[in-house]
Every structure is written in C-alpha cells, then in structure tokens.
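Here is a short briefing to read alongside the structure. Take a look at the model first, and then walk through the points below.

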Amino acid sequence: MAELIETGEVEERVILIAVGSQEKDAMASLDELEELVDTAGAVTVDKIIQNRESVHPGTYLGKGKLDQVKERIWELNATGVVCDDELSPAQLRNLENILDTKVMDRTMVILDIFAARANTSEGKIQVELAQLKYRAARLVGLRNSLSRLGGGIGTRGPGEKKLEMDRRLVHERIGQLKAELEEVKRHREIQRKQRERAHTPVAAIVGYTNAGKSTLLNRLTNAGILAEDKLFATLDPTTRSLELESGQRMLLTDTVGFIRKLPHHLVEAFKSTLEEAKYSDIILHVVDCSNPQMDVQMHVVYETLRELEVGDKILVTLFNKIDQKTQDQLPRDFHSDHQLRISAKTGQGIDELLKTLEMLLRNRNIYLERVFSYQEAGKLQQIRKYGELISEEYQEDGILVRAYVPAELYGGLF
C-alpha cells in the first residue's frame with residue numbers, strides 16, 4: 001500500500017525573545033506577543049528574556065543569549081523566532097545569519113494580522129501601504145527568509161511577488177497607495193461635513209485591542225459586527241446610528257484597537273480612520289478592567305490619542321467586563337470626565353451609559369422656550385429631527401415649544 005504524504009501547511013513553531021530591565025514588564029509584553037502570534041496562526045514553544053537596559057544595536061541580544069536561543073531552536077525544532085521590538089534591517093540580517101532561521105519582529109506579526117483581517121478596500125490599502133513602507137528597507141533580509149521558508153507570518157498581504165520587486169517599484173506603489181488614501185480621506189471629509197450640516201453628534205469608541213469595543217457597539221445598535229475574544233478581531237471601522245429614549249440621535253464609530261508598541265507605519269497609514277476620534281464630539285474609552293495590565297493599556301490609549309492630537313473632548317471611561325472582575329478595588333481613571341462600570345456582554349450598566357449620553361447631548365444643546373406661529377409649524381420638524389422636543393402646546397396664538405436644540409440650529413429658529 002502506498003504511503004500517504006502529508007500535504008498540509010507546516011505549522012510555524014516560534015520562540016519569543018525580548019530585552020528588558022524589568023522582567024515582569026518584559027514577560028507581560030511577551031504574553032501579549034504570544035496572543036498576537038497565536039492570532040497570526042503560529043505556536044509559541046518558548047519565551048526567552050535578556051535582562052539588559054537596551055537592545056544590542058547589531059544583534060538585538062547579546063552573544064551569550066544568542067547561543068542559548070540557537071540551542072533552543074534546535075532542541076524544540078522551532079521554525080523561527082519573534083522579537084518583541086521592531087528590528088532594524090541590520091539586526092534582522094545579522095540575526096538570520098547567526099540563528100540560521102526565519103526571524104520576525106512584533107511589527108511584522110501585527111502587520112500580518114492586519115493583512116488577514118482587512119475586509120474593506122480602504123483597510124486593504126492602509127495595510128498594504130504600512131507593509132510596503134516597513135518592508136522597503138528590509139527587502140534584502142526578507143528575500144533570504146522567504147526563499148528559505150516560503151510562507152507563514154510576514155508573507156500575507158502584498159506577498160512574495162511584491163517583495164521581490166526592486167525598491168523603485170515598491171516606492172512607486174507606495175506613491176499610488178498614498179494617492180488612493182488621499183481620495184479616501186476626501187470622501188471622509190465630505191461625510192464629516194454632511195454630518196455637521198445634519199447637526200448629528202458623533203461618539204468615537206476607542207480602547208486597547210480586545211477591550212470589548214465591537215461588543216459594545218453591537219449591544220447599543222445591533223450592528224452585527226464580528227466580536228471575538230481575540231486581538232484585532234475587527235479591523236475595519238463601523239459607524240452606526242443610535243436613537244436615545246428622548247428621540248435624540250447620534251452616531252457611534254468603532255475604531256481599530258490600540259496596542260503597546262503599535263507600529264509607527266500603521267499609525268500613519270490608519271490616520272484617516274483613527275482621526276474619527278479627532279473629529280468626534282464624545283470619546284468612549286472602553287477599558288478591560290478584568291485585565292491585570294489595565295493601567296498599562298489605559299496609558300497606551302492615552303499616548304496614542306496624544307500622538308493623534310486628540311484633545312479637548314468629552315471623555316467617558318467605560319470599565320468593561322465588570323462581570324469578570326474578581327478584585328474588590330474599584331477601578332478609577334483621573335483623565336476622564338465620567339466613569340461607568342459596564343459589561344457589554346451581559347448588559348450590566350448599559351442603561352446608565354444611555355442616560356449619560358442623553359445628559360451629554362442635552363448639555364451640548366441650548367434650551368428653547370418659544371411660541372411659534374402656525375405658519376412656522378414646519379420648524380417643529382427640524383426640532384424633532386435634530387434636537388430634543390420636551391413639550392408642545394397648541395394655543396390660540398401659536399404653538400408653545402419647549403426643547404433642547406443644537407447651537408447651530410438655534411439661530412435659524414428665530
């Protein structure tokens with residue numbers, strides 16, 4: 001009987017390596033890297049930390065640690081290593097030569113996940129642009145690893161064919177993608193202006209990846225978007241309309257999750273998407289309060305918002321997954337204007353969130369109490385559509401209206 005030949009994909013078995021002076025912080029970062037690697041489809045077989053103040057400029061790790069990594073690659077039959085920081089082209093080439101295996105870094109893994117998760121044309125453009133910018137300086141090192149292994153993490157998206165182009169073609173493609181993104185940006189600005197003309201307030205949902213942003217959007221608007229317990233489960237931003245009990249309407253926009261050491265190329269490429277937070281009226285900061293790294297994750301979000309120059313916004317911190325929290329101490333956030341404890345999964349605290357949104361929208365509006373003549377009755381439709389109509393009384397001389405209306409609409413009602 002002929003022997004069956006296994007034709008399935010070879011499983012990537014990787015060793016994670018990090019450099020840090022604080023072992024606890026380095027291990028927490030490696031744990032997160034393990035989740036990223038798992039999401040990208042590889043298996044972590046070992047984690048190695050070198051205790052030093054900074055990475056080695058030429059080889060990332062010192063010589064002794066490199067010998068240890070080389071030994072572990074052989075012992076564990078590993079197919080590659082993943083470094084917890086972005087490697088320079090020289091570090092990448094040197095490590096591949098010394099370890100004689102595929103070498104990746106955190107940025108490559110994140111870009112790979114983004115390439116697999118991007119569904120919209122905009123998302124695909126953004127990912128390809130980030131990948132090509134990252135890889136343009138690393139074509140030589142990557143060519144070696146691709147010829148050795150052919151596939152796996154780091155080869156999705158533009159793919160091997162594009163990586164084999166010379167630099168001139170890569171930079172031409174980068175120019176094309178930038179032009180396409182500019183067109184996308186123009187469309188976003190048109191949509192934004194239309195929302196402003198319609199006096200529709202916008203709340204941007206931001207937070208660390210896997211904090212529960214998509215679950216919250218689904219809970220509030222029945223958006224029906226993918227919500228998994230995975231890093232970067234959803235990548236493409238989703239905007240949905242929310243009608244509150246008072247009749248007030250607002251738009252909720254889900255944004256891409258933040259993560260520590262978020263690659264600079266990604267922040268640049270996704271700026272048009274992330275800027276939804278910049279042009280919003282309210283920011284809903286979703287925090288996974290069951291995560292032991294909660295404080296670090298909150299710091300990463302605020303640093304990223306600072307980098308995007310998002311400031312002077314009403315900030316509501318939502319401590320999500322409160323149903324999973326075991327510690328007695330209640331979480332706090334001194335950066336925010338309002339703090340609520342919720343569970344997007346079970347619905348706990350959602351009513352309070354909706355009341356808070358009602359209050360915030362009302363505070364943005366101007367109180368109006370006026371008698372409209374019957375000839376002006378059409379203006380009531382505007383009030384119903386864009387504001388909050390509290391009462392209307394039909395009197396002999398007209399209609400007495402009490403309402404909260406947006407400041408932009410107020411002047412036009414007289």
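Strand β11 (residues 366-372) runs antiparallel to β13, and 7 bridges join the two. Please keep in mind that this is a predicted model. The notes start with the strands around β13, go on to β9 and a buried aspartate, Asp 333, and end with helix α3 (residues 89-99).

**Strand β13 and its partners**

- Within the pairing of β11 and β13, Val 371 has Leu 400 of β13 as its bridge partner.
- Strand β12 (residues 388-395) is also joined to β13 by 7 bridges, and these two strands run antiparallel.
- In β13, Ala 403 is the residue that stands opposite Leu 389.
- The link from β12 to β13 is a hairpin of 2 residues.
- Strand β13 (residues 398-405) has 6 of its 8 residues buried, so the rest of the structure largely encloses it.

**Strands β8 and β9**

- Strand β8 (residues 282-288) pairs with β9 in the parallel sense, over 7 bridges.
- One bridge pair to look up here is Asp 288 with Asn 320, the latter in β9.
- Strand β9 is mostly covered, with 6 of its 7 residues buried.

**Asp 333, a buried charge**

- You will find Asp 333 in the loop that lies between β9 (314-320) and β10 (338-341).
- Which side chain of opposite charge is nearest to Asp 333? That is Arg 332, 8.9 Å away, and Asp 333 has no salt bridge although it is buried.
- The side chain of Asp 333 does make a polar contact with the side chain of Tyr 302, at 2.4 Å.
- Another polar contact, at 2.5 Å, goes from the Asp 333 side chain to the side chain of Thr 317.
- With neighbours within four places in sequence left aside, the residues in contact with Asp 333 are His 285, Met 298, Tyr 302, Thr 317, Phe 319 and Gln 339.

**Helix α3 and the residue after it**

- Which residues of helix α3 are buried? They are Gln 91, Leu 92, Leu 95, Glu 96 and Leu 99.
- These buried residues are on the same side of α3, because they cover an arc of only 125 degrees around the axis.
- Asp 100, just after α3, takes a positive phi of about 55 degrees.

Terms used:
Residues are numbered from 1 along each chain as its sequence is written. This is a predicted model: local features need pLDDT of at least 70, side-chain atom pairs count only at pLDDT 80 or more; totals for chains, interfaces and linings use all residues. Side-chain values use heavy atoms; hydrogens and water are left out. Buried means under 20% relative accessible area, exposed over 50%, partly exposed in between (1.4 Å probe, protein chains only). Helices (H or I, at least four residues) and strands (E, at least two) are DSSP runs, numbered from the N terminus. The arc is that of the directions from the helix axis to the C-beta atoms. Lys and Arg count as positive and Asp and Glu as negative; His and the chain ends are not counted. A salt bridge is a side-chain nitrogen of Lys or Arg within 4 Å of a carboxyl oxygen of Asp or Glu. A polar contact is a pair of N or O atoms within 3.5 Å; within protein, one must be able to donate a hydrogen and the other to accept it, and residues adjacent in sequence count only if both atoms are side-chain atoms. Contact means heavy atoms within 4.5 Å. Two strands pair if DSSP finds at least two bridges between them.
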